[in-house]
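Please walk me through this model stop by stop. At each stop, tell me what to select and what is found there.

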Amino acid sequence: MRFPLHIAVDNLTHQLANAVRGRRRYPFVLMLEPLYAGNLACLGCASERHTGKLKDRLPLDMCLKAVDDCGAPGVSLCGGEPTMYPELKELIEGIIARRRHIYLCTNALLLDKKVFGIVAPHKRLTINVHLDGLRETHDHVCAREGVYDQAIAMIREAKRLGYHVMTNTTVFKETDVEEVRELCQLAQELKVDGMLVSPGYHYESVDRDIFLTRREIHDKFKKILGFAGRYRLTSTPMFLEFAAGLRDYRCSPWSTVTFTPRGWKGPCYLIGQKYTFDWNEFWTETDWEYWESRRDARCQNCAMHSGFEASVVSEARSRPRDLVRLAAWNLGG
């Protein structure tokens, strides 16, 4: 299977439970940012992640309350660099105790010091390593030499130690699609458990001209579609077709909610129009209908996987052919 059985079952159970309650909108994944502090200043990352201070991190109890409040079955630990969070072991243990699935999103620079030998491998823990290209490209995006070599070494070691490992690749304006294919081939040779490929995230606080327009996204992802079937990509076929301009979906910003050192970030992971520490205020006062429509100027060139994969799943329920494709895709992984 493309995803472990326990993850697939828990996600399906979560969707069925919400359907029984008549809910059309509900979180699939919590993007939990326990800190903004980082050890890199990547070109495509939001500015607060370059300037955050470790002392301003979220307390452990607030992180776990956010997990409880939103009820999402998946928790993506990001930031900042989550391996810098001093209470990381306790945070992971607390999330696992709540029977949630964790994606530890990391540049891998500190895995040997902060994770290996400290946080044991577990079926509910996935290490998700950021790889935006081969050596020259990845080091350029990360604005530091040697990051690529360390990431590859840590992937090898994580697999040797028995961790579930994925890679995460962001496609920017200057990304060479052939290099993306070579990176997928390398990840396959490293025996990673999944590869996510997604258009660059248009953080509103990033003013560099590195992100793709909608037309550029379509052009690059039409090429990616040509080889996607050969590799263990975790992006659904329908999402890749959407990114290639062959389908259209409304956004599902409510499916991936974000909790940060400033509170719940609304409306989505990329746009911080309002922050609050009150879950009910965030959930009930965000104009989901407006943000679903994608008519805001900041949404025009967005094709972020977390905004549209839930749309794929939601619409597949009324499209039997898509539902069969999704099942076959997951089983054939």
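## Backbone stops

Begin with Ala 108, which sits in the loop between β3 and α5 (111–114). The model is a predicted one, and the first thing to check here is the backbone. Ala 108 has a positive phi, near 80°, though it is a residue other than glycine. With a relative accessibility of 0%, Ala 108 counts as buried.

Go back along the chain to Arg 99, in the loop between α4 and β3 (101–106). Arg 99 is not a glycine either, and its phi is positive at about 60°. Is Arg 99 buried or exposed? Its relative accessible area is 56%, so Arg 99 is exposed, the cut-off for that being over 50%.

Next, select Gly 79 and Gly 80 and display the peptide bond between them. The bond from Gly 79 to Gly 80 is cis, with omega near 20°. Gly 80 belongs to the loop between β2 (74–77) and α4 (88–97).

Another cis bond is found at Gly 266 and Pro 267, where omega is about 15°. Pro 267 is placed in strand β8, which covers residues 263–267.

## The cysteines

Select Cys 78 and Cys 105 and show their sulfur atoms. How many disulfides does the model have? The count is 0. For Cys 78, which is in no disulfide, the nearest cysteine sulfur is that of Cys 105, 5.5 Å away. A disulfide requires sulfur atoms within 2.5 Å, so this pair does not qualify. Cys 105 is likewise in no disulfide, and the nearest cysteine sulfur to it is that of Cys 78. Cys 78 counts as buried at 5% relative accessibility. Cys 105 is also buried, with a relative accessible area of 18%.

## Aromatic rings

Now show the side chains of Phe, Tyr and Trp. The structure holds 18 aromatic pairs. One of them is Phe 259 with Trp 264, a tilted pair with 4.8 Å from centre to centre and 55° between the planes. Both Phe 259 and Trp 264 are buried.

Move on to Phe 282 and Trp 288. Their rings form an edge-to-face pair, 5.7 Å centre to centre, with 90° between the planes. Phe 282 counts as buried at 4% relative accessibility, and Trp 288 counts as buried at 6%.

Which residues make up the aromatic cluster? Phe 259, Trp 264, Phe 277, Trp 279, Phe 282, Trp 283 and Trp 288 form one cluster. Select them together to see the two pairs above within it.

## Helix α14

Select residues 320–331, which are helix α14. The helix has 12 residues and reaches 17 Å from its first C-alpha to its last, close to the 16 Å expected at 1.5 Å a residue.

Colour Asp 322, Leu 326, Trp 329 and Asn 330, the buried residues of α14. Looking down the axis of α14, these buried residues fall within an arc of 95°, so they line one face of the helix. On the other side of α14 are the exposed residues Pro 320, Arg 321, Val 324 and Leu 331. Add α1 (5–20), α10 (237–243) and α13 (305–316) to the view, as these are among the elements that cover the buried residues of α14.

Then centre on Asn 330, which lies in α14. Asn 330 is buried, with a relative accessible area of 13%. Beyond its neighbours within four places in sequence, Asn 330 is in contact with Met 1, Arg 2, Phe 3 and Ala 8.

## Asp 176

Go to Asp 176, found in the loop between β5 (164–171) and α8 (177–189). Asp 176 counts as partly exposed, at 45% relative accessibility. Select Gly 133 as well: the two residues are 43 apart along the chain, and their C-alpha atoms are separated by 8.8 Å.

## Confidence

Finish by colouring the model by pLDDT. The mean for the protein is 91, and 93% of its residues reach 70 or more. Where does pLDDT stay under 50? It does so over residues 203–209, for which the model has 24 contacts beyond four places in sequence. Where pLDDT is low, the predicted coordinates should not be read in detail.

Conventions: Residues numbered from 1 in each chain as written. Heavy atoms only, no water. Helix = DSSP H or I, 4+ residues; strand = E, 2+ residues; numbered from the N terminus. Expected span 1.5 Å × (residues − 1). Buried < 20%, exposed > 50% of the residue type's maximum accessible area, 1.4 Å probe, protein only. Arc of directions from axis to C-beta. Contact = heavy atoms within 4.5 Å. pLDDT = per-residue confidence, 0-100. Phe/Tyr/Trp six-rings, centres within 6.5 Å; stacked < 30°, edge-to-face > 60°.
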